Amino acid sequence: MTKVGIDAINFYTSDFYLNLEELAKERGVDSDKFKIGIGQERMSFPSPDEDIVTMAANAAYPIVQNCDKSKISTIMLATETGVDQSKAASIFVHELLGMPSTTRAVELKQACYSGTAGVQMACALVERNPEEQVLLIMSDIAKYDLDSPGEPTQGCGAVAILISANPSILELSPKTGIHTESSHDFWRPNYRQTPVVDGKYSTLVYIKAAKKAFAQLTEKSGVAFDEIDNFCYHLPFSTMGVKAHLKVAKSAKTEKPKEELLKQLDPILIYNKEIGNSYTASIYIALCSLLDNSETDLTGQKVALFSFGSGCVGEFFYGTVVEGYKEKLHTEAHKAQLLNRTELSFSEYLRFYQFKLPQDGSTFQLEHETRGMFRLAEIKDHYRVYSKCER
Ligand code: COA
């Protein structure tokens, strides 16, 4: 059987962020509620000339630069912040990256989960034609109502992953555990810009799905909790992953002490505390965080990942880290981007938040604000015009 998995991974987030201490001050809340209670410190916030297409192209560009584009059979873009009801966002990205017309492009949706459906579909495609690769991008902007419980759990980001045979970073097992069940914990009707969310209920739905999916993963793969060295979780906020990990550990009847379980999650939370929620991208930014920040060499170690999308679908799957993986990472660029972001004042945050593109198809030029390579430049005749900035 062909070994299939992650051959390259890179993330991108906006160069602007709001410090949650500032948000706490403005909302009259103790800042420890955000820092300790939900485990977040800052949240990336996109400028008006950034959207899921520009973030996706920025995340994928360094990967595409280093590979043979003609080998990429497919670009999949997973998002729940789509820019069009009909045209796939991946076609815009296809054009921005200069992909050949022989590469197919499609968009995927199931709340924060769909990127993982993409991973499984991409692995199946590569299994069928091992000489081909799939470029999978998860890109989202998590935006909640102002002054609502969800406001401190906003954020944005995109991750690009190259799935190929004989991968250089993470070899994925075909054995996975899945839990699908209809729930109304978080959803966004077409007429709304922000989701309807019952955060407390969503936590319960998430934990139930994680426990069920993990039990099925163990049953199908024979891999027990204690045989897994590292865990990555979808992180709408950091303490969500922590709560779920402790519950999964308990139901898997591990004897590991709580301190050890908590320590297992330290490296995956580092980027999330800075970026905030990024929906589909979140779990794969957690994976970058683990690979970039782990104090030990992860070669040969097992990494289990829990992907969750409200509504709901949860999937636990795992992979084994490949020798030499560090050489393929973009660790320095990831750290540099987070270090060099610009802090927004509360009024600048409100300006970004409240910005609306024209809804009537009229021509509109956007001010150049992002420092990313790709930006949304103009709206005309109801369509989006993107541009690549020379740097
Ligand atoms: N110091 C430390 N901790 C504090 C605190 C303080 N001063 N004040 C409150 N906390 C803790 C609370 O005890 C609580 O901890 P617990 O969850 O362990 O009980 C936590 O901070 C959150 O406080 P709470 O009052 O429950 O927050 P909230 O009602 O404002 O809602 C969320 C928090 C996370 C539910 C809300 O931000 C949300 O709904 N976010 C969106 C989540 C989402 O998108 N889910 C769907 C996708 S998975």
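This report looks at the ligand site and the enclosed space in this structure, which is a predicted model.

**The ligand and its shell**

Let's start with the ligand. There are 19 residues around the ligand, and the ones that come nearest are Asp30, Lys33, Tyr144, Pro149 and Lys243. By type, the shell splits into seven nonpolar, seven polar and five charged residues. As for secondary structure, two helices, α2 (31-37) and α6 (199-221), each chip in at least two residues of that shell.

Three side chains have an N or O atom paired up with a ligand atom, as the table shows.

| Side chain | Ligand atom | Distance |
|---|---|---|
| Aspartate 30 | nitrogen | 3.0 Å |
| Lysine 200 | oxygen | 3.1 Å |
| Tyrosine 144 | oxygen | 2.4 Å |

On its own, the ligand has 980 Å² of accessible area, and the protein covers 70% of that. Two of the side chains in the table, Asp30 and Tyr144, also turn up among the residues that come nearest to the ligand.

**The pocket it sits in**

Which pocket does the ligand take up? The ligand's space is the second largest pocket. This pocket holds about 840 Å³ of space. Its lining runs to 37 residues, with Pro149, Gly150, Thr153, Gly199 and Phe237 closest to the centre. Pro149 is a name to remember here, since this proline is also listed among the residues nearest the ligand.

Four elements each give at least two residues to the lining of this pocket: α2, α6, α7 (238-251) and β12 (302-309). The top contributor is α6, which puts in five residues. Both α2 and α6 also supply at least two residues each to the shell around the ligand. Sorted by type, the pocket lining comes out as 16 nonpolar, twelve polar and nine charged residues.

**A cavity as well**

How many cavities of 30 Å³ or more does a search of the whole structure find? Just one turns up at that cut-off, and about 30 Å³ of space lies in it. Its lining is made up of Leu235, Ile268, Asn272, Gly276, Ser278, Ser282, Ile285 and Ala286. The elements giving two or more residues to that lining are α8 (258-275) and α9 (282-293), and α9 gives the most, with three. What kinds of residue line this cavity? There are four nonpolar and four polar residues, and no charged ones. The pocket with the ligand, on the other hand, has nine charged residues in its lining.

Note on methods. Residues are numbered from 1 along each chain as its sequence is written. This is a predicted model: local features need pLDDT of at least 70, side-chain atom pairs count only at pLDDT 80 or more; totals for chains, interfaces and linings use all residues. Side-chain values use heavy atoms; hydrogens and water are left out. A residue is near a molecule or strand if one of its heavy atoms lies within 4 Å of it. A polar contact is a pair of N or O atoms within 3.5 Å; within protein, one must be able to donate a hydrogen and the other to accept it, and residues adjacent in sequence count only if both atoms are side-chain atoms. Accessible areas come from the Shrake-Rupley method with a 1.4 Å probe; for residues, only the protein chains shown count as cover. On a 1 Å grid over the protein atoms alone, a cavity is a set of points where a 1.4 Å probe fits but cannot get out, and a pocket is an open set with protein on both sides within 12 Å along at least five of seven lines; lining residues have an atom within 4 Å of a point. A molecule sits in a cavity or pocket if more than half of its atoms lie within 2 Å of its grid points. Ala, Val, Leu, Ile, Met, Phe, Trp, Tyr, Cys and Pro count as nonpolar, Asp, Glu, Lys and Arg as charged, and the others, Gly among them, as polar. Grid points are joined across faces, edges and corners, and a volume is the space filled by probe spheres set on the points.
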